[in-house]
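Thanks for passing this one along for a second look. Here are my notes, point by point, to read with the viewer open.

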Amino acid sequence: MRVVRVAGEARDRGRAHGEELRADIANGLDRWRAHLAAAAGADVDVFLAELLAATRFDEAIQRWTPELAAEVAGIAEGAAADPAEIRAYQLMDEQWWFAEQRRGAPSGRAPVEQCSSLAVHEPGQAPIVAQNMDLPTAYDGTQVLLHVVDERREHESFVFSAAGLIGFDGLNRDGVAVCCNSLPTLPVSPDGLPVAYVVRGALARRSLADAAAFLRAIRHATGQNYVVGDGSGFLDLECWQDDVVEWSMSARCVLHTNHPLAVEGHIGEAPAGSTTHDRYGVLHARLAGDHEAAGVADVQALLSTAPVSVPRRADVPWMTVGSLVMELGTQPVLHLAPGPPASTPYTTYRFVQPAVK
């Protein structure tokens with residue numbers, strides 16, 4: 001997996017991303033379009049034009065994360081790609097529910113695996129925030145770790161992503177970690193902020209409190225659960241439209257898959273065929289209640305357990321494209337496996353001193 005440093009102003013960071021990963025972006029777009037044609041059941045160009053015309057995501061992005069609009073424009077420039085296509089490429093979660101609405105469903109998405117997240121804070125240890133990112137196999141082979149450096153704001157982060165995308169999840173130098181998992185039975189908003197921009201917006205904050213305040217302040221395009229943390233602890237927030245509900249298990253741990261646990265009227269809801277309850281059961285059996293302390297190796301082993309780790313299979317268009325285990329101490333550390341952790345080793349990444357040089 002490639003590690004790409006993108007530094008400077010937002011548009012410059014995007015250009016560097018696009019230029020460095022131009023071939024990978026072209027490959028990823030081809031694979032994405034093939035997957036989208038099958039998933040949407042429509043001509044891709046027609047579908048994407050309808051998606052952009054029927055939603056007001058650009059307005060939400062300009063309102064809450066304008067620097068990311070510039071970064072995406074820079075990606076298109078650097079990759080010599082169609083700007084509208086690169087904009088649509090960022091709308092990963094939103095494509096899924098828009099395709100379902102286009103078929104006549106009021107909301108929700110097809111039954112797919114969509115991530116498992118957790119946080120653990122053992123006495124005397126740094127908090128750990130972790131996730132298995134489960135996505136279509138179209139993204140496999142284009143995984144990248146973006147080392148994002150905003151020199152003006154003296155801000156630095158590791159962002160796990162695919163070539164051409166602004167990011168899935170990640171960790172910043174201040175020790176703020178952000179993970180997410182889909183809640184496909186919650187309402188959606190065509191004028192909300194798309195998930196990728198929410199993640200990067202929260203990751204730009206310098207503390208857990210500031211990241212949580214951002215998540216509470218915005219309108220959400222897609223029902224999504226966010227596990228956020230820093231050296232002081234963690235929060236789990238179920239978000240949709242203008243509502244945010246905190247889910248809490250204990251001061252020691254929290255875990256989440258793809259069914260709401262705190263939203264009144266939706267608790268336990270899941271798409272037909274989803275393994276969300278099975279994955280939650282595996283995590284709960286190991287972390288909840290009175291258990292031995294869980295460290296980095298224990299969390300990695302847990303995320304490597306079936307069905308939490310979704311394997312590569314030729315007959316299934318879905319897999320764990322990456323697994324992140326993040327230690328939120330004074331010197332934050334990222335452990336990243338760019339594939340199913342049951343079969344992909346973790347590599348450790350640290351921020352190099354001094355900061356933002």
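1. Which strand pairs with strand β9 (residues 233-241), and in what sense? Strand β10 (residues 243-246) does, in the antiparallel sense and over four bridges. Please keep in mind here and below that this is a predicted model. Between β9 and β10 there is one residue, and the two strands form a hairpin. For a register check, look at Leu 237, which stands opposite Glu 246 in β10.

2. While you are at the hairpin, have a look at Gln 241, whose place is in strand β9. Its phi is near 45°, a positive value in a residue other than glycine. Gln 241 has 23% relative accessibility and counts as partly exposed. A second residue of this kind is Ala 80, with a positive phi of about 55° although it is not a glycine. Ala 80 is placed in the loop between α5 and α6, and it is exposed, with a relative accessible area of 62%.

3. One peptide bond deserves a glance too. The bond from Ala 306 to Pro 307 is cis, with omega near 0°. You will find Pro 307 in the loop between α11 (296-303) and β12 (318-327).

4. Now for strand β2 (residues 116-120), which is mostly covered: five of its five residues are buried. In a regular strand, side chains alternate between the two faces of the sheet. Here Ser 116, Leu 118 and Val 120 point one way from β2, while Ser 117 and Ala 119 point the other way, and all are buried. β2 pairs with strand β3 (residues 128-136) in the antiparallel sense over five bridges, and with strand β11 (residues 253-256) in the antiparallel sense over four bridges. Leu 118 makes a handy landmark: it stands opposite Ala 130 in β3 and opposite Leu 255 in β11.

5. If you plan to set up cysteine states, the structure holds zero disulfides. Cys 180 is in none, and the nearest cysteine sulfur, that of Cys 115, is 6.1 Å away. A disulfide would need the sulfur atoms within 2.5 Å. Cys 180 is buried, with a relative accessible area of 4%. Cys 253 is in no disulfide either; the nearest cysteine sulfur there is that of Cys 179, 15 Å away. At 2% relative accessibility, Cys 253 counts as buried.

6. Which residues of helix α4 (residues 57-64) are buried? They are Phe 57, Ala 60, Ile 61 and Trp 64. Seen down the axis of α4, these residues fall within an arc of 100°, so they line one face of the helix. The face turned away from that buried side carries the exposed residues Glu 59 and Arg 63. The buried residues of α4 pack against several elements, including α3 (44-54), α7 (92-102), α9 (208-217) and β8 (220-230).

7. Helix α4 also matters for the second largest pocket, supplying the largest share of its lining, four residues. The volume of this pocket is about 160 Å³. α4, α5 and α6 (83-89) each supply at least two residues of the lining. Among the lining residues are Phe 57, Asp 58, Ile 61, Gln 62, Arg 87 and Tyr 197.

8. Helix α6 holds another residue to inspect, Glu 85. Is Glu 85 buried or exposed? Glu 85 is buried, with a relative accessible area of 14%. Not counting residues up to four places away in sequence, Glu 85 touches Leu 29, Trp 32 and Arg 33. Glu 85 and Leu 29 are 56 residues apart along the chain, and their C-alpha atoms are separated by 8.7 Å.

9. Last, helix α1 (residues 10-20), where Ala 10, Arg 13, Gly 14, His 17 and Gly 18 are buried. They cover an arc of only 130° around the axis, which puts them on the same side of α1. The buried residues of α1 pack against helices and strands, among them β1 (2-7), α2 (22-40), β4 (143-150) and β5 (155-162).

Conventions: Residues numbered from 1 in each chain as written. Predicted model: local features only at pLDDT ≥ 70, side-chain atom pairs only at ≥ 80, totals over all residues. Heavy atoms only, no water. Buried < 20%, exposed > 50% of the residue type's maximum accessible area, 1.4 Å probe, protein only. Arc of directions from axis to C-beta. Contact = heavy atoms within 4.5 Å. Pairing = 2+ DSSP bridges. 1 Å grid on protein atoms, 1.4 Å probe; cavity = no way out; pocket = protein on both sides within 12 Å on 5 of 7 lines; lining within 4 Å. Points joined across faces, edges and corners; volume = space filled by probe spheres on them.
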